[in-house]
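I opened this entry to look up how helices pack against one another in the model. My notes follow in the order in which I made them.

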Amino acid sequence: MSEQIYPWFSQQWEYFTRLGQTQTLPHALLLAGPEGIGKHQFARMMVATLLCEHPADPFLACGECKHCHLFEARTYPDFVHVTMEENENVISVDVIRAMISKLYLTRHFENYKVALIETADAMNVNAANAILKTLEEPPEHTILILVSSHPQRLPATIRSRCQLVSMHAPDEQQAYSWLQKFSAEVNWEPLLKVAQGGPLRALEFHQTDLLDQRISIMNGFLGLFERDARPLEISTKFESVEFSLASHWIQSLIIDLLRIKSAENPITLENPDFYRPLLALAPRLRVPLIIDFWQLLIERKRIYDKSLNFKLFIESMVLQVHKLAAKNLT
């Protein structure tokens, strides 16, 4: 294959190789680790290797056989890929039931039948319940691979049925060395800090306008707490960004506010570059109010549907936040 195993995942790949070569792989694996470190790519390389007709030495998909070509073309019949649809916030029970039905069909080839569930923690309650029996007793020659950045959001019943593979971010020097291969002239340190140590996220920030969008969204959200805020003007900042991404950024700010309220100098922050404005805002907010913002955002994510009038949806949310803030700021 053209891709290579990220150096910070060498131990995890050795573990996978040992189990794969001895045919002792568990029937369900949970790859868990922070965002932006490459665990999704790792999972896809695992799938490609399991489906390959003649894995190379060391254990790795050859990229040349019929099975590899089918996988690259996304037409391999014994592979089921589950992820959130664009602009969706959950993996529904219907999606999981469709996956299970496919897993019980007769295999086309002698290799494993594999299901990959990305962003597994996005499964709603019904979806999580629906998959339990399959995780415990999957069809013969079937492996399920779940990937999660927030494994604590998965029910304990799911976690207990999977073999946990902890995916760790590289240390700073390892991350810098990897990023330097793309550009030795870029100052990667601030990008890596904003990306919370995730080198792939730092690279994405550098190669796109994602970092500028993030800063705009976060400044807009914090601007809603000013007495002279103009919420309808601020809402236009949110309209240019996918809602799932914008809501994720806002959630991270709310988490940081709660951390600062509990300890003025928290050990970790989701957004270290916003520490000063958050520190200035935190004394003006009561904890119940911050929790109200969290619940409001969760409710908005729950009802969001891409068929809605997006502009009105965003304006309504922003006005609600501003109204709550105006009434309760100390």
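I looked first at handedness and found that H1 and H2 cross in a right-handed sense. The model is a predicted one, and I read every entry below with that in mind.

I then looked up the geometry of this pair. Helix H1 spans residues 10–21 and helix H2 spans residues 39–51. Their axes come within 12 Å and cross at roughly 25 degrees. Because angles under 35 degrees count as roughly parallel, I recorded H1 as roughly parallel to H2.

Next I listed the residues in contact. From H1, I noted Gln12, Trp13 and Phe16, which meet Phe42, Met45, Met46, Thr49 and Leu50 of H2. I sorted the residues of this contact by class and obtained six nonpolar, two polar and no charged.

I turned to a second pair, helix H4 (residues 93–103) and helix H5 (residues 125–136). I found their axes 8 Å apart, with a packing angle of about 20 degrees. This angle makes H4 roughly parallel to H5. I noted the crossing of H4 and H5 as left-handed.

Which residues of H4 and H5 meet? On the H4 side I recorded Val93, Ile96, Met99, Ile100 and Leu103. On the H5 side I recorded Asn126, Ala127, Ala130, Ile131 and Thr134. By class, I entered eight nonpolar, two polar and no charged residues for the contact of H4 with H5.

To close, I set down the handedness of both pairs: right-handed for H1 and H2, left-handed for H4 and H5.

Notes
Residues numbered from 1 in each chain as written. Predicted model: local features only at pLDDT ≥ 70, side-chain atom pairs only at ≥ 80, totals over all residues. Heavy atoms only, no water. Axes fitted to C-alpha atoms, helices over the stretch in contact; angles between N-to-C directions. Helix = DSSP H or I, 4+ residues; strand = E, 2+ residues; numbered from the N terminus. Parallel < 35°, antiparallel > 145°, perpendicular 65-115°, else oblique. Left-handed = near helix turned anticlockwise from the far one by under 90°. Contact = heavy atoms within 4.5 Å. Nonpolar A, V, L, I, M, F, W, Y, C, P; charged D, E, K, R; others polar.
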